[in-house]
Amino acid sequence: WKKANRTEFTVITNDLHTAGADHKRDFRRLPFADASFGAFVFDPPYSHGGTSMKESLSVPYGCDRCEATSESEIIQMYIDGAKEALRVVESGGIFIVKTQDAIESGRLVPKHIILVTEFVKLGFELVNIHILVQTRQPTMRHTYQHNARQNHSYFMIFRRANRKSSRNASERQSPSNGKAHQRLIREHMATRVVAGITSVPP
């Protein structure tokens, strides 16, 4: 979207920590009316900060300023942002989400699978998924490795259903909470979902 021809679109930016953004508001509580946008691009910090992440990664991506302290809280943050996107995007509009799977306590958290499941419950239709792979070797915190490196991220494209059908979908779903997402993470681990694609530098 940075290369989009802005003479063809009205682009409104929102970022708490980026200089020059049009708005600096929490993405879960945006100052816009319902159905204000034809498209919504959502790229929040994809991981929580802390000692488990190198500063060279946590600072550029804003993870050092993220309030979440676990992957279940990150997932909840994404879902709360998607609910707000559902409110401000018009029927048939586009919702673009950037995310990355994670390793937590030595286990894979297939975040993109969990988010697709939750967003469809809200009333979004999955249109496409693009996998973006780094060309350089990813940074490692340790000299040893027990899991495949998460050397890729996901660029997921959704379409908003009409407002009536998405409202019905929201009414059918159970309330989201941290324990529910922890259970969902465990269920995905138990079924041994393989969600990783690695790129080995030459």
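# A walk through the predicted structure

Asp26 and Arg28 are both buried in this structure, which is a predicted model rather than an experimental one. This pair makes a useful place to begin, and the wider fold can then be explored from there.

Asp26 belongs to the segment that comes before strand β1, residues 37–42. Its relative accessibility is 17%, and because a residue under 20% is called buried, Asp26 falls into that class. The side chain of Asp26 has several partners. With Arg28 it forms a salt bridge in which the closest N and O atoms are 2.9 Å apart, and the Asp26 side chain also reaches the backbone nitrogen of Arg28 at 2.8 Å. A polar contact of 2.8 Å joins the side chain of Asp26 to the side chain of Arg29, and Asp26, Arg28 and Arg29 are linked in a network of salt bridges. Side chains of opposite charge can pair when their charged atoms come close.

Stepping back to the whole chain, we find 5 helices and 6 strands, and along the sequence these elements follow the pattern β-α-α-β-β-β-α-β-β-α-α. The chain has 202 residues, of which 39% are buried.

Helix α2, which runs over residues 71–88, offers a simple check on geometry. With 18 residues at 1.5 Å a residue, helix α2 should span 26 Å, and its end C-alpha atoms are indeed 26 Å apart, so the expected and computed values agree. This helix is mostly covered, since 14 of its 18 residues are buried. One residue of helix α2 is Leu86, which counts as buried because its relative accessibility is 9%. Although Leu86 and Ala35 are 51 residues apart along the chain, their C-alpha atoms are separated by 8.3 Å.

Where do the buried nonpolar side chains gather? In soluble globular proteins, nonpolar side chains tend to be buried together. Here the largest nonpolar core has 29 residues, and the members that touch the most others are Phe40, Phe95, Val97, Phe119, Phe124 and Phe158. At least two residues of this core come from each of β1, α2, β2 (89–99), α3 (111–122) and β6 (152–160). Helix α2 gives the most to this core, with 9 residues.

Helix α3 can be checked in the way that was used for helix α2. Its 12 residues, at 1.5 Å a residue, should span 16 Å, and the distance of 16 Å between its end C-alpha atoms agrees with that expectation. The buried residues in α3 are Lys111, His112, Ile114, Leu115, Val116, Glu118, Phe119 and Leu122. Following α3 comes Gly123, which has a positive phi near 130 degrees.

A salt bridge also lies within helix α3, where Glu118 pairs with Lys121 and the closest N and O atoms are 3.4 Å apart. These two residues are 3 apart in the helix, which is about one turn. An α-helix has 3.6 residues a turn, so residues three or four places apart point the same way. The two partners have unlike surroundings, for Glu118 has a relative accessible area of 5% and is therefore buried, whereas Lys121, at 37%, is partly exposed.

In the whole structure there are 7 salt bridges, and a further one joins the side chains of Arg159 and Glu125, with an N to O distance of 4.0 Å. This pair links distant parts of the chain, with Arg159 in strand β6 and Glu125 in strand β5, 34 residues apart. Arg159 counts as partly exposed because its relative accessibility is 33%, and Glu125 is partly exposed with a relative accessible area of 45%.

Strand β5 leads us, finally, to the surface. Which residues form a nonpolar patch there? They are Val120, Leu126, Ile129, Ile131 and Val133, with about 350 Å² of accessible area together. Strand β5, residues 124–133, supplies the largest share of this patch, namely 4 residues. Val133 is found in strand β5, and its relative accessible area of 40% is why Val133 is described as partly exposed. The route has thus gone from the buried pair of Asp26 and Arg28, through the 29 residues of the largest nonpolar core, to a nonpolar patch on the surface.

Conventions
Residues are numbered from 1 along each chain as its sequence is written. This is a predicted model: local features need pLDDT of at least 70, side-chain atom pairs count only at pLDDT 80 or more; totals for chains, interfaces and linings use all residues. Side-chain values use heavy atoms; hydrogens and water are left out. The expected span of a helix is 1.5 Å times one less than its number of residues. Buried means under 20% relative accessible area, exposed over 50%, partly exposed in between (1.4 Å probe, protein chains only). Patches are made of residues with over 30% relative accessible area and no salt bridge: like charges are joined within 9 Å, nonpolar side chains (Val, Leu, Ile, Met, Phe, Trp, Tyr) within 5 Å. Accessible areas come from the Shrake-Rupley method with a 1.4 Å probe; for residues, only the protein chains shown count as cover. A polar contact is a pair of N or O atoms within 3.5 Å; within protein, one must be able to donate a hydrogen and the other to accept it, and residues adjacent in sequence count only if both atoms are side-chain atoms. A nonpolar core is a set of buried Ala, Val, Leu, Ile, Met, Phe, Trp, Tyr and Cys residues joined through side-chain atoms within 4.5 Å.
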